[in-house]
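Morning, everyone. I have one structure to walk you through. Please look at the screen.

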Amino acid sequence: MFQATLKNEYKKLCLTVLTGLCLSGSLLTSSLQATELGYPEKEELKFGFIKLTDMAPIAIAYEKGFFEDEGLYVTIESQANWKVLLDGVIDGRLDGAHMLAGQPIAATIGYGTKAEIITPFSMDLNGNAITVSNEIWKQMKVNIPKQADGRPVHPIKADALKPVVEKYLDEGKPFNMGMVFPVSTHNYELRYWLAAGDIHPGFYAPHKGDTSGKINAQVLLSVTPPPQMPATMEAGTIYGYCVGEPWNQQAVFKGIGVPVVTDYEIWKNNPEKVFGITKAFAEKYPNTTIRLTRALIRAAKWLDENNNANRPEAVKILSQSNYVGADYDVIANSMTGTFEYEKGDVRSVPDFNVFFRYNATYPYYSDAIWYLTQMRRWGQISDDMPDSWYKDIAAKVYRPDIYMAAAQSLVDDKILSKSDFSDLVGEDGFRAPQKHFIDNIVYDGTHPNAYINKFKIGLKTGDKL
C-alpha cells in the first residue's frame with residue numbers, strides 16, 4: 001500500500017515539472033516530446049563545499065566548463081564547517097552547496113535549524129571510513145583473524161573493538177570518537193558499525209533538551225570538522241573517527257592511525273552527499289535549477305566514465321588548495337580505486353568513490369527514508385511516526401522530478417544518451433531491498449518501522465526516552 005501510494009504520487013509529480021517538460025511514470029521513453037529549456041533566471045551563482053573528495057562533481061562541473069555551458073557563472077567557496085555551510089544556503093549567502101545527505105532532511109523536520117531544503121541531485125556513493133589511532137589498533141589487532149599472508153581479514157567488525165572499549169570503561173576512562181556532524185552519514189555509519197558489534201553509541205533526547213547523543217553511551221561521539229580529524233586524534237582528544245576522504249588516508253600517510261573499515265563494507269553502495277538548495281530557490285529559478293543539475297550530472301558522468309579513466313586528472317584538480325588541498329598521493333590513494341588500511345596494506349576498492357554508476361546521482365526516496373530511520377533509532381526523532389510520515393518527508397526533500405527533467409533535457413540535446421539513464425526507466429524512487437550491510441539486516445525503504453524494529457540496539461516502536 002505504502003509503495004503503491006508513492007508510485008501514484010510520483011507519476012502525478014512527474015506530469016508537470018519545472019520547465020514544463022512532459023514526463024510520464026515511464027521516463028525517458030521515445031514518446032516524449034523534446035521541449036526547449038529556457039534561459040537561466042539567475043546566472044551568477046555561489047556554491048559552498050567542505051574540503052572533501054566527494055565535492056568533486058562541483059569542482060569538475062566548474063573546471064570542465066559544464067556550468068558555463070548552461071549559462072551559469074559560478075563561484076565556489078570552501079566553508080568552515082557544515083553548520084556555516086547550511087546557514088549560508090538558508091540565508092541566501094550561498095545559492096546551493098555540497099551537503100551531508102541528512103542536512104536537508106533534518107532541516108525539513110526541524111531538527112536543528114528549521115528550513116525547507118531540497119535536493120535534486122545525489123552527489124556520490126560510499127567514500128567514508130572509520131579510522132582508529134595506532135594505540136587502539138594495536139589493541140584491536142589481537143582480536144582480528146588473519147589471512148594466510150598475515151594481513152587482517154576484512155571487513156573488520158566492531159566486535160574487535162568491544163574488548164578495548166570495555167577495558168577503558170572498567171578503568172574509568174571515557175572512550176571518545178569523532179564524527180563530522182550530528183545528522184551526517186558519518187554519525188549514522190559509526191553508530192551502525194558500533195551497534196553491530198554490540199557497543200552502545202548513545203541516544204539523543206531533544207524533547208528533554210539533550211542533543212549530546214551520549215545517553216547510555218559506551219562510546220562518546222563528538223563533532224570534529226573533517227580536516228581537523230587527524231590532528232585531533234593525534235592529540236589524543238579522540239581515539240578514532242568516521243570521516244570522508246582524504247582524511248582517513250591522511251592518517252596513514254602521517255603514521256598516526258589505521259582505517260579499519262570503509263563505509264562500502266558497512267553498507268555497500270550507500271548514499272553519501274547531496275547538492276542542497278532551498279525550496280524557494282527552486283521555485284523562483286526553475287530553469288537555473290535544472291541547468292545546474294544538468295551540469296552536475298555531466299560532471300558525475302565524467303568522473304566515472306571509461307572505468308574511472310579521468311580520476312588522475314580529477315585528483316590533480318582536487319589537490320589544489322582552493323578545493324580539497326591535500327597532497328595528490330593522499331587523494332589518489334582512494335580516488336583511483338585502491339584503499340590503504342594498515343601502512344602498506346593496499347587493497348583494491350574500485351567502488352570506494354562512485355559518482356555516476358549504480359544510479360548514484362538519482363535522489364532515491366528510500367535513501368532519504370534510511371536517514372530518517374536512523375534519526376528515529378538514535379532518538380533524534382523522539383516519537384513513533386507512521387510509515388506514511390517517512391514517505392511524505394522523503395518526497396518533500398528528495399526531488400527526482402527535477403532530476404529527471406534535467407536528465408531528459410540532456411538526452412533531448414544529445415549531450416548524454418538514453419542508455420546513460422536506462423536503469424531509471426519507470427523508476428518509482430525506491431531501491432530494491434538492500435542486503436549488503438555488515439550485520440546482514442535487510443533494509444526495505446517501503447517498511448521503515450519494521451526495519452527500525454529489527455535492531456538489537458536502538459529505539460523501537462513504542463519507545464521514548
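I'll take the sheet, then the helices, then the spaces inside. Keep in mind that this is a predicted model.

Start with the sheet. It is open and has five strands. The order is S2-S1-S3-S13-S4, and the pairing is mixed. Which strands sit at the edges? They are S2, residues 73-78, and S4, residues 117-122. Each of those pairs on one side only. From one strand to the next, the twist averages 30°.

Zoom in on S1, residues 44-49. S1 and S2 run parallel, joined by six bridges. One pair to find on screen: Leu-45 has Val-74 in S2 as its bridge partner. As a reminder, strands in a sheet pair through backbone hydrogen bonds, parallel or antiparallel.

Now the helices that cross these strands. H2 lies across S1, S2, S3, S4 and S13. Its direction is about 140° to S2. H4 lies across S1, S3, S4 and S13. H4 runs at about 140° to S3.

H2 has another partner, H13. H2 covers residues 56-63, and its axis is 8 Å from that of H13. The packing angle is about 100°, so the two helices are roughly perpendicular. Which residues meet there? From H2, we have Ala-56, Pro-57, Ile-58, Ile-60 and Ala-61. From H13, we have Ala-295, Leu-296, Ala-299, Trp-302 and Leu-303. By class, that contact has ten nonpolar residues, no polar and no charged.

H13 spans residues 286-308 and also packs on H14, residues 311-318. Here the angle is about 145°, with the axes 9 Å apart. Trp-302 and Leu-303 turn up again, with Asp-304 and Asn-308. Across from them in H14 are Arg-311, Pro-312, Glu-313 and Ala-314. This contact is mixed: four nonpolar, one polar and three charged.

On to the pockets. The largest has a volume of about 390 Å³. Its lining counts 23 residues. Nearest the centre are Tyr-111, Gly-112, Phe-181, Pro-182 and Val-183. H4, H5, S9 and S10 each supply at least two lining residues. The lining splits into 14 nonpolar, eight polar and one charged.

Last, the cavity. There is one of 30 Å³ or more, and its volume is about 30 Å³. Among its lining residues are Arg-376, Asp-384, Tyr-390 and Lys-460. What is the class split of this lining? Three nonpolar, three polar and three charged.

That's the tour. Over to you.

Terms used: Residues are numbered from 1 along each chain as its sequence is written. This is a predicted model: local features need pLDDT of at least 70, side-chain atom pairs count only at pLDDT 80 or more; totals for chains, interfaces and linings use all residues. Side-chain values use heavy atoms; hydrogens and water are left out. On a 1 Å grid over the protein atoms alone, a cavity is a set of points where a 1.4 Å probe fits but cannot get out, and a pocket is an open set with protein on both sides within 12 Å along at least five of seven lines; lining residues have an atom within 4 Å of a point. Grid points are joined across faces, edges and corners, and a volume is the space filled by probe spheres set on the points. Ala, Val, Leu, Ile, Met, Phe, Trp, Tyr, Cys and Pro count as nonpolar, Asp, Glu, Lys and Arg as charged, and the others, Gly among them, as polar. Helices (H or I, at least four residues) and strands (E, at least two) are DSSP runs, numbered from the N terminus. Axes are lines fitted to C-alpha atoms, for helices over the stretch in contact, and angles run from 0 to 180 degrees between N-to-C directions. Contact means heavy atoms within 4.5 Å. Angles under 35 degrees count as roughly parallel, over 145 as roughly antiparallel, 65 to 115 as roughly perpendicular and the rest as oblique. Two strands pair if DSSP finds at least two bridges between them.
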